[in-house]
Amino acid sequence: MRMIGTVARGIRTPIIREGDDLASMVVESLQAASKEGGFSFHDRDVLCMTEAIVARAQGNYASVDQIAQDIRKKFPGGVVGLFNPIFSRNRFSMNLKAIARAMDKIYLQMTYPSDEVGNQLITVEEMDKAGLDPYNDILSEEDFYKIFGEVGHPFTGVDYIKFYRDIVEAEDCELVIFLANQPRALLEYTDQVITCDIHTKERSKRRLKAAGAKVVYGLDDIMTQPVDGSGCNEEYGLLGSNKASEEKVKLFPRDCQNFVDGLADQLKEVTGKNIEVMIYGDGGFKDPRGGIWEFADPVVSPGFTHGLSGLPNELKLKYLADNDFADLKGEELRQAIAKKIEAKDKDLKGAMESEGTTPRHLTDLLGSLADLVSGSGDKGTPVVFIQGYFDNFTTGLED
């Protein structure tokens with residue numbers, strides 16, 4: 001019986017720059033880590049890399065001016081309404097700057113008590129104490145400050161109403177801010193709209209059009225093609241972008257499927273093993289204290305090899321031990337559970353013995369694990385190598 005199950009290692013790489021041969025650099029870094037760490041390679045190991053290093057190697061960037069140019073083409077009248085942006089210096093501030101640079105006037109509808117991914121303007125308790133109905137009540141910027149005063153993000157301390165106002169006014173653009181959760185509230189001001197939400201964007205577009213909006217784009221519809229030599233993302237547009245500098249954003253990576261398939265081929269050639277490969281962004285887990293979903297990217301994984309498709313198909317060992325084999329213990333119990341695992345159905349959906357296992361896609365689970373291991377700061381490990389993830393209780397040393 002093997003005593004070690006899943007192991008996830010952060011792998012350091014050189015700093016990735018535009019034009020670098022990323023695949024070769026990743027392979028070389030993994031080989032060096034293997035020698036230093038004394039681990040070997042196996043079939044169905046998983047190599048994960050951050051979307052950031054893929055996009056950087058691709059040079060997938062766009063300037064504020066290039067984004068503004070695309071926006072002006074879509075909204076030639078110079079007036080636009082923005083629905084449901086997230087509250088983020090890294091994720092939305094540069095997009096807002098570009099929109100303000102392109103437009104003469106913006107109507108900005110912010111949701112409350114929090115944005116789509118859980119960043120709070122106020123707490124639910126504060127909202128309830130004020131007697132507000134978030135489904136119906138609309139607050140002007142003045143109303144909000146009169147009721148709640150100046151408010152700061154629980155982690156960063158940023159007052160996002162003031163922060164976004166400062167960005168827009170610095171671009172000499174007129175701004176009206178109000179707070180409401182119904183998309184149709186924005187149509188009292190303009191019928192030209194950009195939906196800024198991420199995971200609810202299609203519903204927002206549909207509801208706005210049904211309520212009478214004449215022009216509706218999402219952030220995913222902006223920068224889907226190059227503008228004056230910029231990068232782009234044909235599928236996600238500005239979604240998944242990050243602030244790169246005061247005048248530039250890094251877009252979500254492109255052509256991810258070809259990249260992961262090619263890297264898997266290189267790994268096979270070097271190691272002789274069939275190693276799965278995926279690109280990951282935000283993991284999609286919720287902070288229990290701040291209530292923030294760490295999921296501002298449009299998907300956890302924009303590219304992964306075929307072996308990572310699907311969901312886990314696992315039995316709950318605790319259920320088996322407490323029910324099917326409640327009268328067994330020790331080696332007899334171990335062998336009984338091992339036989340049960342070896343004989344399990346290929347699809348356990350709905351089976352009692354799988355109750356309590358995690359019904360998430362493999363790439364979402366692996367991406368969350370990798371995101372936690374790599375972190376978002378100065379660890380310097382944009383590659384995470386996961387071994388033993390597809391093992392189970394029956395996997396022995398010979399495997």
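Q: In this predicted model, which residues of strand S9 point to one face and are buried?
A: In a regular strand, side chains alternate between the two faces of the sheet. S9, residues 215-218, follows that pattern, with Val 215 and Tyr 217 pointing to one side and not buried. The residues that point to the other face and are buried are Val 216 and Gly 218.

Q: Which residue in S9 does Val 193 stand opposite?
A: Strand S8, residues 192-195, runs parallel to S9, and four bridges join the two. Within this pairing, the residue of S9 opposite Val 193 is Val 216.

Q: What kind of unit do S8, helix H8 and S9 make?
A: S8 and S9 are parallel strands joined by bridges. Helix H8 covers residues 201-210 and belongs to the unit together with them. Put together, S8, H8 and S9 make a right-handed β-α-β unit.

Q: Which residues have the most contacts inside the largest nonpolar core?
A: Nonpolar side chains tend to be buried together in soluble globular proteins. Here the largest such core has 55 residues. Those with the most contacts inside it are Leu 82, Ile 106 and Met 110.

Q: Which element gives the largest share of this core?
A: The elements that give two or more residues to the core are helices H3 (64-74), H4 (93-102), H6 (141-148) and H7 (160-170), plus strands S4 (79-83), S5 (105-110) and S7 (174-179). The largest share is six residues, and the element that gives it is H4.

Q: How many of the 10 residues of H4 are buried?
A: Going through H4, the buried ones are Ser 93, Met 94, Asn 95, Leu 96, Lys 97, Ala 98, Ile 99, Ala 100 and Ala 102. H4 is largely enclosed by the rest of the structure, because the number of its 10 residues that are buried is nine.

Q: Which residues of H4 does Leu 82 touch?
A: Leaving out residues up to four places away in sequence, the contacts of Leu 82 include Phe 92, Ile 106, Tyr 107, Leu 108, Gln 109, Leu 186, Ile 194 and Cys 196. H4 has Leu 96 and Ile 99 among its buried residues. Leu 82 touches both of these, Leu 96 and Ile 99.

Q: Which strands stand at the edges of the open sheet of five strands?
A: This sheet has mixed pairing and the order S1-S14-S2-S12-S13. Two strands, at residues 7-11 and 303-304, each have a single partner strand, so one side of each is left without a neighbour in the sheet. Those edge strands are S1 and S13.

Q: Which residue in S12 does Val 46 stand opposite?
A: S2 (residues 46-50) and S12 (residues 276-280) run parallel, with five bridges joining them. Opposite Val 46 in S12 stands Glu 276.

Q: What angle does the direction of helix H2 make with that of S2?
A: H2, residues 51-58, packs on the sheet and touches S2, S12 and strand S14 (383-387). The angle between its direction and that of S2 is about 65°.

Q: What angle does the direction of helix H9 make with that of S12?
A: H9, residues 256-271, also packs on the sheet, where it touches S2, S12 and S13. Its direction makes an angle with that of S12 of about 145°.

Q: Which peptide bond is cis, with omega near 10°?
A: Most peptide bonds are trans, and most residues other than glycine have a negative phi. The cis bond here leads into Pro 113, found in the loop between S5 and helix H5 (124-129). It is the bond from Tyr 112 to Pro 113.

Q: Is Asp 172 buried or exposed?
A: Asp 172 is found in the loop between H7 and S7, and its phi is near 60°, a positive value in a residue other than glycine. Its relative accessible area is 71%, and the cut-off for exposure is over 50%. Asp 172 is therefore exposed.

Q: Are the rings of Phe 144 and Tyr 145 stacked or edge-to-face?
A: A pair of aromatic rings is described by the distance of the centres and the angle of the planes. For Phe 144 and Tyr 145 the centres are 5.9 Å apart and the planes stand at 80°. Planes over 60 degrees apart meet the angle cut-off, so this pair is edge-to-face.

Definitions and conventions. Residues numbered from 1 in each chain as written. Predicted model: local features only at pLDDT ≥ 70, side-chain atom pairs only at ≥ 80, totals over all residues. Heavy atoms only, no water. Core = buried A, V, L, I, M, F, W, Y, C linked by side-chain atoms within 4.5 Å. Buried < 20%, exposed > 50% of the residue type's maximum accessible area, 1.4 Å probe, protein only. Contact = heavy atoms within 4.5 Å. Pairing = 2+ DSSP bridges. Right-handed = clockwise from strand over helix to strand, strands pointing away. Axes fitted to C-alpha atoms, helices over the stretch in contact; angles between N-to-C directions. Phe/Tyr/Trp six-rings, centres within 6.5 Å; stacked < 30°, edge-to-face > 60°.
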